[in-house]
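Biologist: I'd like to go through this model with you and ask how each label was earned. Could you show it to me, please?

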Amino acid sequence: IANLTFFPIKKDNKCLNIVGLIVDVTFVKKLEKELREKQRTLKSFLDASPAAIFVIDKDHKVIYWNKACEELTGIKAEEVIGTDKHWKAFYLYKRPCVADIIVDGRKEDMSKFYHTWSVSRLIPDGLHGEDWFPNIGGKRRYCAFDAGPIYDEEGNIV
């Protein structure tokens, strides 16, 4: 697979020559295909998980909301992806979820919002919480949950 680009050589607004550049992009295209396949596989695993999973970015916008999260909360992914409205699935008023506390680096806020919490035993740098929720998917439920950061190569939360 090649990428072909032409550059005109002009003088006095007249085309004198054309230079062509051919770059073999076979390896890059192969890597892009492998990355798409890995992303598709990961999405399939997350969608098939019986655990409710959602992901927010560093701006608290939802970037992923799996099918189990839809079933638990009654809120479809398309209703929350791209928004900061994930709290509506769990609370009656706007307040931080554990994921928000992690993104903000404010572990000390856990005791303000959760009666039972600890450092996660499952997720590095994560937090564990448990509590009664008055209306998740139309029912009063007791939920236990873990949340943790996702880092980029430089160690920044993404």
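Modeller: Happy to, and please keep in mind that this is a predicted model. Let's begin in helix α1, residues 26-48, where E34 and K30 sit four residues apart, about one turn of the helix.

Biologist: What makes the contact between E34 and K30 a salt bridge?

Modeller: The N to O distance between their side chains is 3.9 Å. The cut-off is within 4 Å for a Lys or Arg nitrogen and an Asp or Glu carboxyl oxygen, so the pair E34 and K30, at 3.9 Å, counts as a salt bridge.

Biologist: And why is E34 called partly exposed?

Modeller: Its relative accessible area is 31%. Buried means under 20% and exposed means over 50%, so E34, in between at 31%, is partly exposed.

Biologist: How many salt bridges does the structure hold?

Modeller: There are nine. One of them links R106 with E108, with the closest N and O atoms 3.6 Å apart. Another joins the side chains of D109 and K112, at 3.1 Å from N to O.

Biologist: What makes R106, E108, D109 and K112 one network?

Modeller: Salt bridges that share partners join these four residues.

Biologist: How do you know which of D109 and K112 is buried and which is exposed?

Modeller: Set each value against the cut-offs. D109 has 10% relative accessibility, which is under 20%, so D109 is buried. K112 has 58%, which is over 50%, so K112 is exposed. R106, at 36%, falls in between and is therefore partly exposed.

Biologist: Let's turn to the surface. Which residues make the nonpolar patch?

Modeller: F7, I9, L16, V19, L21 and V23 make a patch of about 490 Å². The elements giving two or more residues to the patch are β1 (2-11) and β2 (14-24), and β2 has the largest share, with four residues.

Biologist: What makes L21 fit for a place in that patch?

Modeller: L21 lies in strand β2 and has a relative accessible area of 43%. A patch residue needs over 30% and no salt bridge, and Leu is among the nonpolar side chains that are joined within 5 Å. At 43%, L21 is over the 30% cut-off, so its accessibility meets that condition. That value also lies between 20% and 50%, so L21 is called partly exposed.

Biologist: I see a loop between β1 and β2. What is unusual about phi at D12 and N13 there?

Modeller: D12 is in that loop, and its phi is near 55°, a positive value in a residue other than glycine. N13 is in the loop between β1 and β2 too, with a positive phi of about 60° although it is not a glycine. As background, most residues other than glycine have a negative phi.

Biologist: Why are D12 and N13 called exposed?

Modeller: D12 has 71% relative accessibility, over the 50% cut-off, so D12 is exposed. N13 has 74%, also over 50%, and therefore N13 is exposed.

Biologist: Now the largest pocket, please. How much space lies in it, and which residues are closest to its centre?

Modeller: About 860 Å³ of space lies there. Of the 30 residues that line the pocket, I53, F54, A99, D146 and A147 are the closest to its centre. Elements giving two or more residues to the lining include β3 (54-56), α2 (67-73) and β6 (127-136). β7 gives the most, with five residues.

Biologist: How do the lining residues divide by class?

Modeller: The lining has 28 nonpolar residues, one polar and one charged. D146 is among the residues closest to the centre, and Asp counts as charged, so D146 is the charged residue of the lining.

Biologist: Why is F54 called partly exposed?

Modeller: F54, in strand β3, has 22% relative accessibility; that is not under 20% and not over 50%, so F54 is partly exposed. The C-alpha atoms of F54 and A68 are 9.5 Å apart in space, with their positions 14 residues apart in sequence.

Conventions. Residues are numbered from 1 along each chain as its sequence is written. This is a predicted model: local features need pLDDT of at least 70, side-chain atom pairs count only at pLDDT 80 or more; totals for chains, interfaces and linings use all residues. Side-chain values use heavy atoms; hydrogens and water are left out. Patches are made of residues with over 30% relative accessible area and no salt bridge: like charges are joined within 9 Å, nonpolar side chains (Val, Leu, Ile, Met, Phe, Trp, Tyr) within 5 Å. Accessible areas come from the Shrake-Rupley method with a 1.4 Å probe; for residues, only the protein chains shown count as cover. Buried means under 20% relative accessible area, exposed over 50%, partly exposed in between (1.4 Å probe, protein chains only). On a 1 Å grid over the protein atoms alone, a cavity is a set of points where a 1.4 Å probe fits but cannot get out, and a pocket is an open set with protein on both sides within 12 Å along at least five of seven lines; lining residues have an atom within 4 Å of a point. Grid points are joined across faces, edges and corners, and a volume is the space filled by probe spheres set on the points.
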